[in-house]
Amino acid sequence: MTSFEDADTEETVTCLQMTVYHPGQLQYGIFQSIRFFNREKLPSSEVVKFGRNSNICHYTFQDKQVSRVQFSLQLFKKFNSSVLSFEIKNMSKKTSLIVDSRELGYLNKMDLPYRCMVRFGEYQFLMEKEDGESLEFFETQFILSPRSLLQENNWPPHRPIPEYGTYSLCFSQSSSPTEMDENES
Amino acid sequence: MEKPLTVLRVSLYHPTLGPSAFANVPPRLQHDTSPLLLGRGQDAHLQMQLPRLSRHHLSLEPYLEKGSALLAFCLKALSRKGCVWVNGLTLRYLEQVPLSTVNRVSFSGIQMLVRVEEGTSLEAFVCYFHVSPSPLIYRSEAEETDEWEGISQEQPPPGSEQ
């Protein structure tokens with residue numbers, strides 16, 4: 001079969017991994033529309049919106065306290081770079097968006113660091129970006145953390161706490177997305 | 001009382017096609033705080049019928065600088081084939097630059113002058129368009145180096161769909 005040998009060389013794609021946590025994630029089904037572990041391929045010109053309104057947002061949260069559009073992520077290319085970079089923008093008039101220690105107000109935006117904590121209300125997102133060659137597409141992947149991602153969390157002190165409590169969880173969790181039933185208690 | 005809208009005063013010029021290049025451009029366009037898309041495509045907010053123009057050629061994205069209450073704009077190139085020249089800078093696909101108070105923009109043979117008049121509304125902004133009978137940018141300043149250079153302006157390049 002020569003098609004494998006003759007095909008265009010595959011390019012790697014920029015990948016954004018988002019590990020999320022909310023203290024009420026089991027009781028309230030806020031992440032029920034998120035397909036955890038699924039790698040989604042999106043065009044690089046896409047403005048990815050996160051919020052409550054499923055008509056506007058790409059990723060939605062079932063939570064009345066979330067703004068219709070809470071924040072957005074978009075790719076751009078820096079002038080002397082061959083890879084794509086992310087920009088994060090607060091789209092909420094009500095709630096600040098905290099990126100590591102920086103606070104973004106409505107319509108403020110900033111470059112997303114390679115690895116950072118994004119927070120609004122009680123939502124926590126650990127964002128981790130891997131560079132890729134492709135300028136046409138990028139990938140996203142959501143991971144659900146069963147525990148808080150914040151270092152200062154005083155979760156049972158007798159158990160060792162991994163720094164962000166996520167890496168080891170990738171292997172211990174099943175490969176199918178976590179389903180959350182509204183009635184689960 | 002409603003806050004005054006930020007105004008973009010846009011002058012447009014095309015050296016060979018003249019005003020007919022801008023037949024679909026309304027005199028006034030109000031837009032919310034989402035990015036305003038300019039291109040040949042039906043879904044562009046500002047549509048221009050030109051063969052060398054990409055379906056989505058560029059976007060104007062409103063945002064707020066930290067500490068400012070006045071709307072700022074970021075111009076982003078969305079064309080894979082053509083580039084966008086802005087105030088002396090050539091932007092290629094996904095490159096972007098913040099707009100100044102007065103901006104000279106050139107792409108696909110179009111010359112555009114954009115003046116930003118500050119307003120305090122964070123809900124929307126408004127564009128006023130004017131077609132200029134004479135050039136807006138000195139040719140020597142705007143060096144376009146996109147893939148279509150060298151091909152006569154009357155002929156669209158082969159396979160011009162992105």
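**Two chains and their contact**

Student: How much area do chain B and chain A bury between them?
Tutor: In this predicted model, 49% of the area buried between the two chains is on carbon and sulfur atoms. The contact draws 19 residues from chain A and 21 residues from chain B. Summed over both chains, the area that chain B and chain A bury between them is about 1,700 Å².

Student: Which strand of chain B gives the most to the side of chain B that touches chain A?
Tutor: Between the two chains, 14 residue pairs are in polar contact. On the side of chain B that touches chain A, at least two residues each come from strand 5 (58-64), strand 6 (71-77) and strand 8 (89-91) of chain B. The greatest contribution, 4 residues, is that of strand 5.

Student: How do the residues of the side of chain B that touches chain A divide into nonpolar, polar and charged?
Tutor: Strand 5 of chain B, with its 4 residues, gives the most to this side. Taken by type, the residues of the side of chain B that touches chain A come to 11 nonpolar, 3 polar and 7 charged.

Student: How many salt bridges does the rule find across the interface of chain B and chain A?
Tutor: One salt bridge between the chains joins the side chains of B:E61 and A:K89, at 2.8 Å from N to O. A search of the whole structure, over all chains, gives 11 salt bridges. Across the interface of chain B and chain A, the number found is 5.

Student: Where in chain B does B:E95 lie, the residue that pairs with A:K77?
Tutor: A:K77 and B:E95 form a salt bridge whose closest N and O atoms are 3.2 Å apart, and both residues are buried. The pair crosses between chains, starting from A:K77 in strand 5 of chain A and reaching B:E95 in the loop between strand 8 and strand 9 (96-98).

Student: How many residues apart in sequence are the parts that A:E87 and A:K109 tie together?
Tutor: The side chains of A:E87 and A:K109 meet in a salt bridge at 3.1 Å, N to O. A:E87 belongs to strand 6 (residues 84-90) and A:K109 to strand 9 (residues 109-111) of chain A, so the parts tied together are 22 residues apart.

Student: Which residue of chain B is linked with A:E87, A:K89 and A:K109 in a network of salt bridges?
Tutor: Within chain A, both A:E87 and A:K109 are buried. A:K89 meets a residue of chain B in a salt bridge of 2.8 Å. The residue of chain B that is linked in this network is B:E61.

Student: Is A:E128, the partner of A:R115, buried, partly exposed or exposed?
Tutor: A:R115 forms a salt bridge with A:E128, with the closest N and O atoms 2.9 Å apart. This pair links strand 10 (residues 115-120) to strand 11 (residues 123-130) of chain A, across 13 residues. Because the relative accessible area of A:E128 is 22%, and buried requires under 20%, A:E128 counts as partly exposed.

Student: Is A:V48 in chain A buried or exposed?
Tutor: A:V48 lies in strand 3 (residues 47-51) of chain A. Setting aside residues up to four places away in sequence, A:V48 touches several residues, including A:L42, A:Y59, A:F71 and A:F138. Its relative accessibility is 3%, and therefore A:V48 counts as buried.

Student: With which side chain does the side chain of A:S67 make a polar contact?
Tutor: A:S67 sits in the loop between strand 4 (59-60) and strand 5 (71-77) of chain A, and at 13% relative accessibility A:S67 counts as buried. Apart from residues up to four places away in sequence, A:S67 touches A:G51, A:R52, A:S92 and A:K94. The polar contact, at 2.9 Å, is with the side chain of A:S92.

Student: Which residues of chain A does the UniProt annotation "domain: FHA" cover?
Tutor: Chain A as a whole has 2 helices and 12 strands. Over the annotated stretch, chain A is 0% helix and 45% strand, with the end C-alpha atoms 20 Å apart. According to the unreviewed UniProt entry, the annotation covers residues 48-103.

Student: How many helices and strands does chain B have?
Tutor: The unreviewed UniProt entry places "domain: FHA" on residues 37-107 of chain B, a stretch that is 0% helix and 48% strand. Of the 162 residues of chain B, 53% count as buried. The secondary structure of chain B comes to 0 helices and 12 strands.

Note on methods:
Residues are numbered from 1 along each chain as its sequence is written. Chains are lettered from A and ligands numbered from 1 in the order in which they are written. This is a predicted model: local features need pLDDT of at least 70, side-chain atom pairs count only at pLDDT 80 or more; totals for chains, interfaces and linings use all residues. Side-chain values use heavy atoms; hydrogens and water are left out. UniProt positions are given in the numbering used here, feature names are shortened, and annotations may be inferred rather than shown by experiment. Contact means heavy atoms within 4.5 Å. Buried area is the accessible area (1.4 Å probe) that two parts lose on being put together, summed over both. A salt bridge is a side-chain nitrogen of Lys or Arg within 4 Å of a carboxyl oxygen of Asp or Glu. A polar contact is a pair of N or O atoms within 3.5 Å; within protein, one must be able to donate a hydrogen and the other to accept it, and residues adjacent in sequence count only if both atoms are side-chain atoms. Ala, Val, Leu, Ile, Met, Phe, Trp, Tyr, Cys and Pro count as nonpolar, Asp, Glu, Lys and Arg as charged, and the others, Gly among them, as polar. Buried means under 20% relative accessible area, exposed over 50%, partly exposed in between (1.4 Å probe, protein chains only).
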